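Student: I am new to this structure. Could you take me through a few parts of it?

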Amino acid sequence: MTKWVYTFGDGAAEGRAGDRNLLGGKGANLAEMCSLGLPVPPGFTITTEVCNAYYANGRAYPDGLETDVVSALDHIGRITGRRFGDPSKLLLVSVRSGARASMPGMMDTVLNLGLNDETVEALAADSGDARFAYDSYRRFIQMYSDVVMGLDHEVFEEILEDQKASLGHELDTELTAPEWQGVISLYKAKVEEELGKPFPQDPHEQLWGAIGAVFSSWMNSRAITYRRLHDIPESWGTAVNVQAMVFGNMGDTSATGVAFTRNPSTGERQLYGEFLVNAQGEDVVAGIRTPQNITETARIAAGSDKPSLQKLMPDAFQAFVDISDRLEKHYRDMQDLEFTIERGKLWMLQTRSGKRTAKAALKIAVEMARDGLITKEEAVARIDPASLDQLLHPTIDPKAARDVIGMGLPASPGAATGEIVFSSTDAEDAKAQGRKAILVRIETSPEDIHGMHAAEGILTTRGGMTSHAAVVARGMGKPCVSGAGSLRVDYKAGTLVSMGQTLRKGDIITIDGGNGQVLKGAVAMLQPELSGDFAAIMEWADAARRMKVRTNAETPLDARMARSFGAEGIGLCRTEHMFFDGARIVAMREMILADTEKDRRGALDKLLPMQRSDFLELFEIMAGLPVTIRLLDPPLHEFLPKTEAELAEVASAMNVSADKLRQRTEALHEFNPMLGHRGCRLAVSYPEIAEMQARAIFEAAVEAGRKAGALVVPEIMVPLVGLVKELEYVKARIDAVAQSVMQETGTKIDYLTGTMIELPRAAIRAHVIAEAAEFFSFGTNDLTQTTFGISRDDAASFLETYRQKGIIEQDPFVSLDIDGVGELVRIAAEKGKATRPGIKLGICGEHGGDPASIRFCEEVGLDYVSCSPYRVPIARLAAAQAAVVAAKGAAKRA
């Protein structure tokens, strides 16, 4: 019979940390902490298998679950000496979600469950504190009504704020027991008024309502969005954790907090966190009250006049420090901890590997490797390659003038400039229109995740370093300033007021997530420099990887940037991008308008020195590293004007008639240019174009070789080949030009001629094409288009619908379609090697910078990947991780 429920408590547990797929991350780690003998409130975990069964069976629970839950409640009762639903031996519980992957704030939680009109009095008598009891009951009504019954929590916040104002109170903690009773009466009346039914009084009904709400929250919109952004499969499901309640709101000797064993922004080895006295857990993460620092060092650094936990509760603080150290050593990773102190007694509610910035991840991994806690390979594996993007965001130039209008907490590093928007919808709209926005909120909630994703940065007036805004922004790599309490946000008026200045929606501000400053206007930025911990990880990654990493670049700026990021050559130089500047576009258009080959060659002669200069600079920057240059690829009409106004302007500048220009444009028009007269087809029709480009390449190679005193070996790539005879025809022209340049210069030139594999026919006939090609570069952008029969430019209108309906898991233009396009790559690689064993194989589509696609490239034995300059570090790290995984797999098979 299937086991649906696993218990833990009193130093023993039925699960362990390795059971996270079954128990979820929270449940597995609660079990592990119990087994380590740490103070954990007893409880039980309902497995992720129940979640999957729940949805598979029309939101019905599997047989036997109810019996297992009753038995598990008895287990908690035996340990605590209490009984659920029994006022004489009152047991209250919390109900929390816990997926396999951490999803902070995305799913639902209910605390203080089991309270009703009768048990609240028992809690008051049991605790000797009526104020605490009624405060807990009102929290429960508010949370349960929101999470389970669907009545928005803001309804209750409004009631509470009105009551505080009428009673002359500023803080929740100032309300007395009778005043809380009054609030509770108003809450219950509001529930009945809005929902047409009273607030449930049966603890067992409450429990099953909460369990159902947690399972249902797996499919709420914010959880679905989070899973999409973080590639978490829906099939994983969530577990439900039910635990005996411990109370941080039981007076001034009680507290609740969140902490990290190291700084999650910088990676520094210091306890980092916040707590609130006389509060419950949601108060800290919700940002409703600004919390206090845990350590004295942090308090002094923050300039806070509120006492630290270290000063306020030294015994509990020391116990927490000891447990933090023990858990970090046990898990061999930085931990994110939640705790409650109930009347001086410390209880651990959660441990998990803490989310961190890329900068912190690098520092932590390097320090742990150097301390011998993990290996260098493990350190490399710890870094999410995609997270390195965070390190590439600009920071504010120290020399720039700063018009500071506010100050908050430096919640997530990096700087961002954009126009003020006050809602997530406006942030999304701005992004869709190509405008950069800063999302400004009093506080964020999980419902804001789509806006946070769309915004350049986030600014909140409430909340601490572990608030929702801070945690989510760090995970996304977005700059964030939180808790900027001097700012006043008025959603209705659409204003941000600070230091006597009123800013409105659309005004430009800059936020500095490194120091918490809010600045008026745009500010000059600096590009980051990568060194230190980054350099160490990259050095270890380079030692581990097999594949080379090149870049896609055709400008000196891109080439230099890529080299600074560790690129080992150019895998794709798109020569067409060189023709759109000034005099070049004029000469290009002259060539296109020419009626004879002679006139075309005359125009191409003007382009030759420009192309030669371009290639010479790239060869010099790459200093002997391989450079793959693709011959002209797009259809010629792309170089001609589109509108009547442009036609007239270009005709006048070129001293030709507008009619002639229009006629040529119309003659070149194609119904489907992606599959039209482009690539090698242009070189077959107009071989003089390929000859000019080949000459520019060879002359530049000779000159670069002379200057460097070393041979330059260019790689010439013929695009869109589907027939071997196409490649043979163009290669013959290239070879003839090479012979001419060698005779003219008296210099021997070594070079390779290859092709892009971007048509299914080319992949299938790769064994024949390899007879002429010395290398294959997989152009997976076009190969994906031609395999699927989908235009990349038009696919966005329906691919997201496909993904939402489960037809595809990923956009195939973002991450390689392994089963289809990947199979063609595999076929072509195998066939190419069979004909030419030493053939060089690479990939130069956008997939060359995607970690999942890079893993596949390692699997099929490609020699290199090529990607945009800013993705080179990502590709280096991903290639290393892929090589380590492949080596482990080979070792297991052996």
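What follows is a set of short questions and answers on helices, contacts and rings.

Tutor: This is a predicted model, where local features need pLDDT of at least 70, side-chain atom pairs count only at pLDDT 80 or more, and totals for chains, interfaces and linings use all residues. Residues are numbered from 1 along each chain as its sequence is written, and side-chain values use heavy atoms, with hydrogens and water left out.

Student: Which residues of α27 are exposed, on the other side from its buried ones?

Tutor: Helices are DSSP runs of H or I with at least four residues, numbered from the N terminus. Buried means under 20% relative accessible area and exposed over 50%, with partly exposed in between (1.4 Å probe, protein chains only). The buried residues of α27 fall within an arc of 150° seen down the axis, so they line one face of the helix; the arc is that of the directions from the helix axis to the C-beta atoms. On the other side, the exposed residues are Lys725, Gln743 and Glu744.

Student: How far apart are the end C-alpha atoms of α27?

Tutor: Helix α27 covers residues 724–745, which is 22 residues. The expected span is 1.5 Å times one less than the number of residues. That gives 32 Å, and the end C-alpha atoms agree with it, at 31 Å.

Student: Which helices do the buried residues of α6 pack against?

Tutor: In α6, the buried residues are Phe156, Ile159, Leu160 and Lys164. They cover an arc of only 130° around the axis, which puts them on the same side of α6. Contact means heavy atoms within 4.5 Å. The buried residues of α6 pack against α5 (130–147) and α7 (177–195).

Student: Is Glu296 buried or exposed?

Tutor: Glu296 is found in helix α11, residues 296–302. Its side chain makes a polar contact of 2.8 Å with that of Ser308. Such a contact is a pair of N or O atoms within 3.5 Å; within protein, one must be able to donate a hydrogen and the other to accept it, and residues adjacent in sequence count only if both atoms are side-chain atoms. With a relative accessible area of 15%, Glu296 is buried.

Student: Where does the charged end of Arg733 sit?

Tutor: A charge sits over a ring if NZ of Lys or CZ of Arg is within 6 Å of the ring centre and within 35 degrees of the ring normal. Arg550 lies over the face of Tyr864, at 3.8 Å from the ring centre. The charged end of Arg733 is 4.0 Å from a ring centre, over the ring of Tyr729.

Methods
Helix = DSSP H or I, 4+ residues; strand = E, 2+ residues; numbered from the N terminus.
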